[in-house]
Amino acid sequence: MAEKTYVALLRGINLGGRNRLPMRELAALFADCDCGAVRTYIQSGNVVFEASPKRAERVPACVAAAIEERFGFSSPVVLRSAEELRGVAGANPFLAEGADPGALHVAFLADAPSAARIGTLDDHRSPPDRFVVRGREIYLHLPQGMARTRLSNQYFDSRLATTSTIRNWRTVLKLVDMTSG
């Protein structure tokens, strides 16, 4: 089966001096999990790689286990294909409203939440912040920034019964660029 390009989004590494993981070592972990053409972007755990679809399915568990074993901490890994990531970039509902791209973020979910779970989310949890759930993504408009919102990974994880990791819009677009060959 032909190799495809994927993006792995790790949560909780190199934040405030915690869970230190050099990108060179992270790239080596992906290579150890049989990924090819491994590239990283910034220190927050964004990895572009190539693998067959069958192998790519195993990458999140393989990498998460290797991080736990070698570095002693847990870091969830959320995966998207290059095609899925391009779709995410093209579907941001806040861009059509003319929102400042600097205020935009995307929460990538490991699993698609049920409609019942989505219904437990509070639209007024963190005014003036807004969010839209579409499939396995939550588009966020955070005019006061990520540091001031109450729309956190923990909030979404607990309400939606999945794992999330959040990236700013600039990072999303850079990863799309990196997957475009």
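**View 1. Ala37 and the residues that it touches in the predicted model.** In this predicted model, A37 is in contact with V48, F49 and E50 when its neighbours within four places in sequence are left aside. A37 itself is found in strand β2, and with a relative accessible area of 43% it is partly exposed, because this value falls between the 20% limit for buried residues and the 50% limit for exposed ones. A further residue to look for in this view is A27, which lies 10 residues from A37 in sequence and 9.5 Å from it in space, taken from C-alpha to C-alpha.

**View 2. The disulfide between C33 and C62.** The structure holds 1 disulfide, and this disulfide joins C33 to C62 with a distance of 2.0 Å from S to S. The pair links distant parts of the chain, 29 residues apart, since C33 belongs to the loop between α1 (23-32) and β2 (36-41), while C62 belongs to helix α2 (residues 53-71). A disulfide is, in general, a covalent bond between the sulfur atoms of two cysteines. The torsion about the S-S bond of C33 and C62 is about -90°, and the disulfide is therefore left-handed. C33 is buried, with a relative accessible area of 7%, whereas C62 counts as partly exposed at 32% relative accessibility.

**View 3. C35, a cysteine without a bond to C33.** The closest cysteine sulfur to that of C35 is the one in C33, but the two are 6.2 Å apart, which is too far for a bond because a disulfide needs its sulfur atoms within 2.5 Å. C35 counts as buried, at 9% relative accessibility.

**View 4. Strand β1 and its two partners.** Strand β1 is mostly covered, with 6 of its 7 residues buried. It is joined by 6 bridges to β3, and these two strands run antiparallel; within this pairing, K4 stands opposite A51 in β3. β1 also pairs with β4 in the antiparallel sense, here over 5 bridges, and L9 stands opposite V78 in β4.

**View 5. The largest nonpolar core and the surroundings of L10.** In soluble globular proteins, nonpolar side chains tend to be buried together. The largest nonpolar core here has 22 residues, of which A8, L10, L26, F30, F49, V63 and I67 touch the most other members. Two or more residues are given to this core by each of the elements β1 (4-10), α1, β3 (46-51), α2 and β4 (77-81), and the largest share, 5 residues, comes from α2. With neighbours within four places in sequence left aside, the contacts of L10 include L26, F30, V63 and I67, as well as T165 and R167. Apart from this core lies another, of 19 residues, among them V78, F94, L104 and Y139.

**View 6. The open sheet of 4 strands and helix α7.** The strands of this open sheet follow the order β6-β7-β5-β8, with antiparallel pairing. Its edge strands are β6 (130-134) and β8 (164-168), each of which pairs on one side only, and the twist from one strand to the next averages 20°. Strand β7 (residues 137-141) is joined to β6 by 5 bridges, and the two run antiparallel, with F131 standing opposite L140 in β7. Helix α7 (residues 169-179) lies across β5 (104-109) and β8, and runs at about 90° to β8.

Key: Residues numbered from 1 in each chain as written. Predicted model: local features only at pLDDT ≥ 70, side-chain atom pairs only at ≥ 80, totals over all residues. Heavy atoms only, no water. Pairing = 2+ DSSP bridges. Axes fitted to C-alpha atoms, helices over the stretch in contact; angles between N-to-C directions. Contact = heavy atoms within 4.5 Å. Buried < 20%, exposed > 50% of the residue type's maximum accessible area, 1.4 Å probe, protein only. Core = buried A, V, L, I, M, F, W, Y, C linked by side-chain atoms within 4.5 Å.
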